[in-house]
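Reader: Hi, I have a structure open and I am not sure how to read it. Could we go through it together?
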Amino acid sequence: MVKIYTRTGDSGTTSLFGGKRVDKDDLRVEAIGTIDELNANVGLVLTEPMVPELHRSLKRIEQELIIAGSDLASPANIKVKTKRLTKRHVGRLEKEIDDLMDKLPQRKNFITPTGDQRVKSKAEAIMRNYSVHHALSSIPSNEFIWNSTLNTYQVSAQLNVCRTIARRAERKMISLSKQDDINNNLLVYINRLSDWFYAMFRYTNLLADMSEIVWKGRGR
């Protein structure tokens, strides 16, 4: 039997790549843990039925967040052979964000984390809008992560949770960067990823014909 515990961390320390041991509440470990939390929540989103483009993107982001954790566990100033996030990863997110935002109405005010849930026939609404945006007839039916209990509200809300965790991960990494070297592409990637979750949450609402609820300010 392969044991998953090593007892090496029982004193409250853990190892980074390269062998350096640090406290488990070290800023670097906090940042790694927040990336892990984010990836777990991406996995939670993926348990819901969704259109295939979102499913494919989230599966890719799962892989990229594993790279992010590995990147963080390998201080930039040590010679360790590990994968790191690059400008290519950032550029792909930026292109996807731009493509999504081009399809969405411009907003200057805050919007609530979920849309208007009074829309009827969610699955039909998504099917109709997806066909408009993506030439549905050209996509094989077996590619659809789809069923009659499609819960668009849940997907939308969970994407927003991912956005906030990505923001927290970014704050942890900024604090870390003031004390130690980290890959700047990683910082930029996490910043863009939170924007990606925002754009995708809004796009998911659009596909489901859910109106956005705009915050109109105090006392209005």
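Author: Let us begin with one helix, and please keep in mind that the model is predicted. In α1, the buried residues are R28, V29, A31, T34, I35, L38, N39, N41, V42 and V45.

Reader: Okay, and how many residues does α1 have?
Author: α1 has 19 residues, and from its first C-alpha to its last it reaches 27 Å, which is close to the 27 Å expected at 1.5 Å a residue.

Reader: Stepping back, how many helices and strands are there in the protein chain?
Author: The protein chain has six helices and two strands, and when it is read along the sequence the pattern is β-β-α-α-α-α-α-α. Of its 220 residues, 42% are buried.

Reader: Which residues have the most contacts inside the largest nonpolar core?
Author: Those are L58, L193 and W196, in a core of 42 residues. At least two residues of this core come from each of α1 (27-45), α2 (52-72), α3 (87-102), α5 (152-177) and α6 (184-207), and the helix that gives the most is α6, with 12 residues.

Reader: Why would nonpolar side chains be together like that?
Author: In soluble globular proteins, nonpolar side chains tend to be buried together.

Reader: So what does L193 touch?
Author: If we leave aside its neighbours within four places in sequence, L193 is in contact with L38, I61, L65 and L93. L38 is also among the buried residues of α1.

Reader: And why is α6 described as largely enclosed?
Author: Because 17 of the 24 residues of α6 are buried, this helix is largely enclosed by the rest of the structure. From first C-alpha to last, α6 reaches 35 Å, close to the 34 Å expected at 1.5 Å a residue.

Reader: What caps the N-terminal end of α6?
Author: N183 does, with a side-chain oxygen that lies 3.0 Å from the backbone nitrogen of N185.

Reader: New topic: H89, is it buried or exposed?
Author: H89, which is found in helix α3, is buried, since its relative accessible area is 6% and the cut-off for buried is under 20%. Not counting neighbours within four places in sequence, H89 is in contact with E64, I67, R84 and Y189.

Reader: And Q158, where is that one?
Author: Q158 is found in helix α5, and it is buried, with a relative accessible area of 9%. Beyond residues up to four places away in sequence, Q158 touches L44, V45 and E48.

Reader: What about S175? Which helix holds it, and how far is it from R28?
Author: S175 also has its place in helix α5, but S175 is partly exposed, with a relative accessible area of 32%. Although S175 and R28 are 147 residues apart in sequence, they are 9.1 Å apart in space, C-alpha to C-alpha.

Reader: Last thing, where is confidence lowest in the protein chain?
Author: Among its helices and strands, I would point you to helix α4 (residues 122-134), where confidence is lowest at a mean of 52, whereas it is highest in α3, at 95. Over residues 135-150 the pLDDT stays under 50, and for the protein chain the mean is 77, with 62% of its residues reaching 70 or more.

Reader: How should I treat the parts where pLDDT is low?
Author: Where pLDDT is low, the predicted coordinates should not be read in detail. For residues 135-150, the model has 27 contacts beyond four places in sequence.

Definitions and conventions
Residues are numbered from 1 along each chain as its sequence is written. This is a predicted model: local features need pLDDT of at least 70, side-chain atom pairs count only at pLDDT 80 or more; totals for chains, interfaces and linings use all residues. Side-chain values use heavy atoms; hydrogens and water are left out. A nonpolar core is a set of buried Ala, Val, Leu, Ile, Met, Phe, Trp, Tyr and Cys residues joined through side-chain atoms within 4.5 Å. Buried means under 20% relative accessible area, exposed over 50%, partly exposed in between (1.4 Å probe, protein chains only). Helices (H or I, at least four residues) and strands (E, at least two) are DSSP runs, numbered from the N terminus. Contact means heavy atoms within 4.5 Å. The expected span of a helix is 1.5 Å times one less than its number of residues. A polar contact is a pair of N or O atoms within 3.5 Å; within protein, one must be able to donate a hydrogen and the other to accept it, and residues adjacent in sequence count only if both atoms are side-chain atoms. pLDDT is the predictor's confidence in each residue, from 0 to 100.
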